[in-house]
Amino acid sequence: MKYTRKTGRRLVVVLSLIMLITMVSCGKGGLIGKNKGLNADAEKAGSVETEKLTKDSVVVAVGDETASYREMMVYMYILKTKYQDVFGDEVWTYKLNNGRTMSSVAIEQVISMITEMRIISRQASERGIELTGDEIESIRRFSETIYNSATEEDRKEYYLDTETITNVFCENELASKVFDSCITGVASGISDEDAKQITVQYLYLQTNGPNQNGIEVTLSEKEAAKKYKEAKRIRKNVKEIRDFKAYAQSNTDAVNVQITFGRGDMSDEFTDAAMKLKPGEFSPVVTAPEGYYIIYCVSDNEPELTLQKKEELIKKAQKENFESQYNEWSKNYEVVVSELIL
């Protein structure tokens with residue numbers, strides 16, 4: 001892999017997706033992230049700095065694995081370069097809507113990332129996953145570009161050095177490899193049918209639920225029966241309607257009369273009926289908990305949107321698969337964070 005500045009940003013951003021749980025949250029006494037599901041024989045965390053911070057102080061302990069203040073500050077610097085374009089030079093003092101500063105949020109993110117890196121690195125070791133010499137050398141060269149692009153002020157403030165930056169990105173790359181090993185085969189479980197996107201026009205007569213103005217609607221049995229009778233009448237004469245879309249717009253209880261959608265986007269009754277249609281076909285009156293539908297099929301497959309949806313479903317399944325495994329790993333370690341960095 002050739003490392004570039006874009007690649008470095010990708011590693012940190014991608015890890016916000018790969019590292020699926022924030023198992024750490026601030027706690028009194030410097031103890032953070034003792035999971036409720038922690039195993040009774042979980043590896044106890046080592047000690048952290050409690051008196052005075054130096055660049056070599058241990059600030060995070062995950063089982064017997066530790067991280068120094070210098071390493072934490074490298075992560076902070078990476079996040080600073082990511083957020084600075086959005087929040088400006090005063091990124092760490094920028095106040096969010098909840099009153100918190102970006103600095104406090106970034107510290108929590110860094111604690112989370114370091115914790116996750118240590119846990120996943122253990123998995124890399126157990127699975128025999130390593131970086132090649134060429135990969136390490138490529139990362140080292142990339143780390144030099146980060147160091148060389150930093151101002152002298154930032155180098156001092158964030159304790160930057162090439163070795164620590166290299167170690168951080170090597171561990172991130174190992175985590176990416178562990179992620180890849182964990183999601184092997186997940187994509188094969190997502191079919192084109194699962195992701196299929198179709199386009200339909202429909203007329204909707206509501207009986208229950210919030211209407212297009214957000215007001216809850218609940219019709220009596222008599223009123224609902226009247227709606228059903230009206231839906232049956234329209235369906236019987238639907239072929240006489242020259243412009244179904246225009247007719248639906250004038251008679252529907254929905255905001256829209258044409259949608260492109262897939263499974264999970266509409267009620268099961270609506271989806272099952274629509275997915276059976278071929279272009280140009282009308283459904284019978286579809287009865288759903290929220291009301292009655294008459295559906296007209298415009299397209300029974302939107303290839304580009306189906307491919308896009310499939311990619312989304314694969315990513316979601318991979319995320320959930322990895323999250324499940326990470327949850328189990330995290331139970332095996334106690335996590336302690338120095339109160340001095342909170």
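1. In this predicted model, the count of salt bridges comes to 22. The points below take up some of these pairs.

2. One of the salt bridges joins D64 to R122, with the closest N and O atoms 2.4 Å apart. The two residues belong to distant parts of the chain, 58 residues apart. D64 sits in the loop between β1 (58–62) and β2 (65–68), while R122 is part of helix α3 (residues 102–127). Their surroundings should be noted as well: D64 has a relative accessible area of 52% and is therefore exposed, whereas R122, at 18% relative accessibility, is buried.

3. The pair in point 2 also belongs to a network of salt bridges, in which E43, D64, E65 and R122 are linked.

4. A salt bridge is likewise formed between the side chains of E135 and K177, at 2.9 Å from N to O. Because E135 lies in helix α4 (residues 133–149) and K177 in helix α6 (residues 162–182), this pair ties together parts that are 42 residues apart in sequence. E135 counts as buried, with 15% relative accessibility. K177 has a relative accessible area of 22% and is partly exposed; the cut-off for buried is under 20%, so K177 falls outside that class.

5. R263 and D272 form a further salt bridge, and here the closest N and O atoms are 4.0 Å apart. The rule accepts a nitrogen within 4 Å of a carboxyl oxygen. R263 is partly exposed, at a relative accessible area of 35%, and D272 is also partly exposed, at 40% relative accessibility.

Notes:
Residues numbered from 1 in each chain as written. Predicted model: local features only at pLDDT ≥ 70, side-chain atom pairs only at ≥ 80, totals over all residues. Heavy atoms only, no water. Helix = DSSP H or I, 4+ residues; strand = E, 2+ residues; numbered from the N terminus. Buried < 20%, exposed > 50% of the residue type's maximum accessible area, 1.4 Å probe, protein only.
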